[in-house]
Amino acid sequence: MLIRVPKGWETPEREAAPEELYRSRRRFLAGLGVGVGAFGLTALGLGRALDPFAEEPPGLADLPPLKARRNPKYTVERPITAERVVAGYNNFYEFSTDKERVAALAARFRSRPWEVEIAGEVEKPRRLDVDELIRQMPLEERVYRLRCVEAWSVVVPWTGFPLAKFVEWAKPKSSARFLRLVSFMRPTEAPGQREQSWYPWPYFEALTLAEATNELAMIVVGSYGHRLPNQNGAPLRLIVPWKYGFKSIKSIVRFEFTRGQPKNFWNVVVPNEYDFYANVDPTVPHPRWSQATERDVATGQRIPTKPFNGYAEFVAHLYR
Ligand SMILES: Nc1nc2c(c(=O)[nH]1)N[C@H]1C(S)=C(S)[C@@H](COP(=O)(O)O)O[C@H]1N2
Ligand SMILES: [Mo]
């Protein structure tokens, strides 16, 4: 496959320092004609929380509540990240490579009605409405860490169902060994798909069936007690917390069971930097930066990264 990789592709994969975030936020607000005075200059303070996140990002108003019991089995020693941070700082290249512009650009995306397709090595391929699927699944809330390969991280209460329950329901044939997941293709609504046409859209990811049926793997349909906002991958996305964030594909339209190992988006785009498994590993540096520590997006603090992002007890046996 021939992909034109422009110079700019490096930018989003480079680790952004808090100062850079502050400047990009200022640029964005200046573009909207909004003053930055309200933020003061404390955001530049050493190791300080980022004041730019004091504002509520677009897309959070009027999301229907979605209550589910929190599963106490999955605990995180760090506090839950403020929602305005998780909903205001996003990787979602279909909309923008600028993390702080995704929320605004995704605000009018039509994430309902939404059809989901189940295809490939299954007893009965089918299509159904996302809410019909959600009604058949047992919802729960889980607090998980999310660690991007760029080294930023957040802690989020997600609402959803175990991917294992979905796999059981979909009835894959015995020939199925992988699950391939594909995002939407709607360039008229997603400016990133128009303006970054060199990427192999739509976004695609995959897991082995053993990974997909591991108890941690979750299909997420809500966060912070309400429906998922568009910027976080409405109406449904994957969360595999022991892997770098790019595996957790957003806004899924297709689940395809396959015999052979499917490709994944970032491995196709930059094969020497992103592999298929992408398990969080502090001992293996990215070619352009260390993975030993991560940056809490809310506080700016550096924290040591754990093997499998802290989930070794659940998944290490998959890779022995
Ligand atoms: N469809 C799609 N899914 C995606 C991405 C994307 O660009 N497109 N980015 C990935 C990356 S790199 C990360 S770190 C997480 C970010 O999820 P969040 O914005 O909800 O924190 O989404 C992942 N899922
Ligand atoms: Mo990421």
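Ala, Val, Leu, Ile, Met, Phe, Trp, Tyr, Cys and Pro count here as nonpolar, Asp, Glu, Lys and Arg as charged, and the others, Gly among them, as polar. Keep that scheme at hand for colouring as you go, and remember that you are looking at a predicted model.

**Stop 1: the second largest pocket**

Select Tyr244, Asp275, Asn279, Asp281 and Val284 to begin. Of the 18 residues that line the second largest pocket, these lie nearest its centre. The space they look onto has a volume of about 300 Å³. Colour the lining of this pocket by class and you should find twelve nonpolar, three polar and three charged residues.

**Stop 2: the largest cavity**

Next, switch to enclosed spaces. How many cavities of 30 Å³ or more does a search of the whole structure find? The search turns up one. The volume of this largest cavity is about 400 Å³. To centre your view on the largest cavity, pick Asn91, Phe92, Gly245, Phe246 and Lys250, which lie nearest its centre among 27 lining residues.

Now bring up the secondary structure. Helix 3 (83-86) and strand 4 (152-162) each give at least two residues to the lining of the largest cavity. Which of the elements supplies the largest share of that lining? Select strand 4: its contribution, three residues, is the largest share. By class, the wall of the largest cavity is made up of 16 nonpolar, six polar and five charged residues.

**Stop 3: ligand 1**

What takes up the space of the largest cavity? Show ligand 1 and you have the occupant. Around ligand 1 are 17 residues, and the closest to select are Tyr93, Glu94, Asn232, Arg237 and Lys250. You have met Lys250 already, as one of the residues nearest the centre of the largest cavity. The shell around ligand 1 splits into eight nonpolar, six polar and three charged residues.

**Stop 4: polar contacts of ligand 1**

Zoom in and draw three distances:

- Tyr93: a polar backbone atom of this residue is 2.8 Å from an oxygen atom of ligand 1.
- Glu94: here the side chain takes part, with an N or O atom 2.8 Å from a nitrogen atom of ligand 1.
- Ser248: a backbone N or O atom of this residue lies 2.9 Å from a nitrogen atom of ligand 1.

Finally, turn on a surface for the protein. Ligand 1 has 540 Å² of accessible area on its own, and the protein covers 99% of that area.

Key
Residues numbered from 1 in each chain as written. Chains lettered and ligands numbered in written order. Predicted model: local features only at pLDDT ≥ 70, side-chain atom pairs only at ≥ 80, totals over all residues. Heavy atoms only, no water. 1 Å grid on protein atoms, 1.4 Å probe; cavity = no way out; pocket = protein on both sides within 12 Å on 5 of 7 lines; lining within 4 Å. Points joined across faces, edges and corners; volume = space filled by probe spheres on them. Near = heavy atom within 4 Å. Polar contact = N/O pair within 3.5 Å; in protein donor to acceptor, adjacent residues only side chain to side chain. Areas by Shrake-Rupley, 256 points an atom, 1.4 Å probe, with all protein chains shown as cover. Sits in = over half its atoms within 2 Å of the grid points. Helix = DSSP H or I, 4+ residues; strand = E, 2+ residues; numbered from the N terminus.
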